[in-house]
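Me: Hi! Could you walk me through this one while I have it open on my screen?

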Amino acid sequence: MSVQTVSSWGNVIHAEQAVFRVQSRMDAFPDVAPSRSALPYGNGRSYGDSCLNVGEALLQTRGLDRFISFDSQTGRLACEAGTLLADILRVSVPAGWFVPVTPGTRYVTVGGAIANDVHGKNHHHAGTFAQCVRRFELLRSDGRRLSCSSTENPEWFAATAGGLGLTGLITSAEIQLRRIPGPYVDVETLRFANVGEFFTLCAESDRDFEYTVAWIDCSSRGKQLGRGLLQRANHAPAPPGMRPVRQRRLTMPFTPPFSLVNQLTLQLFNSLYYHRQGKRVRRPEHYESFFYPLDGILHWNRLYGPKGFYQYQCVVPSSAGREPVTALLETIARSGQGSFLAVLKVFGSHDSPGLLSFPREGVTLALDFPNSGERLEKLFRELDAIVQGAGGRLYPAKDGRMPGTLFRSGYPRWQEFTQFIDPRVSSSFWRRVMENA
Ligand SMILES: Cc1cc2nc3c(=O)[nH]c(=O)nc-3n(C[C@H](O)[C@H](O)[C@H](O)COP(=O)(O)OP(=O)(O)OC[C@H]3O[C@@H](n4cnc5c(N)ncnc54)[C@H](O)[C@@H]3O)c2cc1C
C-alpha cells in the first residue's frame, strides 16, 4: 500500500488516497483498514469522482492484465479485469475480431467498461458493453467469489454492470467479440446545417450504418443552432492497394498555466472544423483514427490547464420530443462556454442490462467545459433543470458535480441497487449523490 495523489481524467480533483495494487485474480480482497472503505480503480478514464475515493482507499487493478483464453474460431475471449481494450484489439483485430461496443478511448479496462456499462457510436445497433459480456467474476470483501452471467447470479450481473464499482471487485471477464473483415471502416461524413437536419440524417442513417455520431458546433446560434458533421460508418474490407495508415501519436507534454480552450479559440476552431470539407465525403479509415481520434494526442486533457475541466453528458428520452435538445443547445450557445469536444448521438431502444446503466432510448449530448468555477456551475444548473424536466439523466462516468436529487430522479432503481453495495466499498461520487437521500 502507498499513499498517492490520484486524479481522474477531468483533472479537477487531485487528492490523497491509499492505493492497494491488485496483482493477481487469485488474490484475496485487499486488507484495507476496517475504518476505511475501498474502491476499484481501472485506468482513471472517468472524468469526475466516480473512480475516486478521497481520503479512503483505491484498489488499483492495472496489474490484472493477463489474457486467460482466446478462441480465434469463435471470438470468445477471457481476460483479467485490468486488461485494456487497446490490448485486446492488438490481438483480436489481426485475427478478424473486434470489441462489439467501445467507448471513444481504447485506454479503458474491461472492469471499468463493465462498471460504467459503457456505450459507443453503435448503441442503436449493439446496446451497451455488458451486452457482449458473457460472464464475469465478482470478488466481495467477505471473500465470496460470484460467477455472474445472465443465467448465473443474474441479479448480481445487473447490479454490477453499470454499478460504479460499488458491488465489489471484478477480477475477470469473458467477452464475445464480433467478426470484422479487417481493420478498416468505410466512413461517410456529412455536413448538416442545424439540429433539425441532424435528426433527419440520423433517422435516415441508423438502419444502414452500424456507427453514427455527430460532432456539433456548440457556439452556433439562430438558424445554424446545432450545425455539425455527422459520421456514419460500417466495418469494411481494406480497399485494394490501401497501405495501412495507423494513427499518429502526439503528446501534450505539460499542463499550461491556463486553459488553451476559451471563447476565442473555440469559435475559431469550430468554424474552421465545420467548413473543413465539402458537404459529403466518403473514405476508408483505419479503426484507430475512426473510433479513437482523441487517443492520437496523449494527455490531451492537459489542454485545459491546472483547473481542469468537466464533461456534461446527458440523455433525454425520445418521448420528451426534440425541444429539450434544442433548449440545451440554445442555453450552451448563449452562455459562450463549451469546447470543441461536443457530441450528439441518438441512442437506440435496447434495454440496458444494468440497474444503473446510463443509456436509454433518446438523445445524448456530451460536451467538455473548461472549469471556470461559479460561472460554469450556474450554466450547469440551467442544463440540469432542462434535463430533469425532460425526465432525463446525467452519466456518472463523466460527472463530478450533479446534485443528488438529479441522480436519484434520473436513476429510479437506485434504492433497489443499494442492497448489492459491498459494505466495505464506497466512492466519492456515491457519498456525494447520497447526501440527504
Ligand atoms: C476520451 C474519452 C472518451 C470516452 N468516451 C466514452 C464513450 O464514448 N462512451 C462511454 O460510455 N464512456 C466514454 N468514456 C468514459 C470511459 O469509457 C469510462 O469512464 C470507463 O469506465 C473508464 O474505464 P477505466 O478503466 O479508466 O475505469 P476508471 O475510470 O478507473 O473506473 C470507472 C469505474 O469502474 C469501476 N471499476 C474499475 N475497475 C473495476 C473492477 N475491476 N471491478 C469493479 N469495478 C471497477 C471504478 O470503481 C469506477 O466506478 C470516455 C472517456 C474518455 C477519457
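Me: Is Arg381 buried, partly exposed or exposed?
Reply: Arg381 has a relative accessible area of 44%, so it is partly exposed. Buried means under 20% relative accessible area, exposed over 50%, and partly exposed in between, using a 1.4 Å probe and protein chains only.

Me: And which network does Arg381 belong to?
Reply: Salt bridges with shared partners join Arg381 with Glu374, Glu377, Asp384 and Arg401 into one network. A salt bridge here is a side-chain nitrogen of Lys or Arg within 4 Å of a carboxyl oxygen of Asp or Glu.

Me: What can I trust here?
Reply: This is a predicted model, where local features need pLDDT of at least 70 and side-chain atom pairs count only at pLDDT 80 or more, while totals for chains, interfaces and linings use all residues. Residues are numbered from 1 along each chain as its sequence is written, and side-chain values use heavy atoms, with hydrogens and water left out.

Me: Back to Arg381: how far apart are the N and O atoms in its bridge with Glu377?
Reply: The distance is 3.9 Å, N to O. Glu377 and Arg381 are four residues apart in helix H9 (residues 374–389), so about one helical turn separates them. Helices (H or I, at least four residues) and strands (E, at least two) are DSSP runs, numbered from the N terminus.

Me: Which distant parts of the chain does the Asp186 and Arg282 pair link?
Reply: Their side chains meet in a salt bridge of 2.4 Å, N to O. Asp186 is in strand E12 (residues 184–192) and Arg282 in strand E16 (residues 280–286), 96 residues apart. Asp186 is partly exposed at 23% relative accessibility, and Arg282 is exposed at 60%.

Me: How many salt bridges overall?
Reply: The count comes to 25.

Me: Switching topic: where is His119?
Reply: His119 sits in the loop between helix H2 (110–115) and helix H3 (123–126). Its relative accessibility is 13%, so His119 counts as buried.

Me: Which side chain does His119 make a polar contact with?
Reply: That is Gln313, at 3.3 Å. A polar contact is a pair of N or O atoms within 3.5 Å; within protein, one must be able to donate a hydrogen and the other to accept it, and residues adjacent in sequence count only if both atoms are side-chain atoms.

Me: Last one: what is the strand order in the five-stranded open sheet?
Reply: The order is E5-E6-E10-E8-E9, with antiparallel pairing. Two strands pair if DSSP finds at least two bridges between them.
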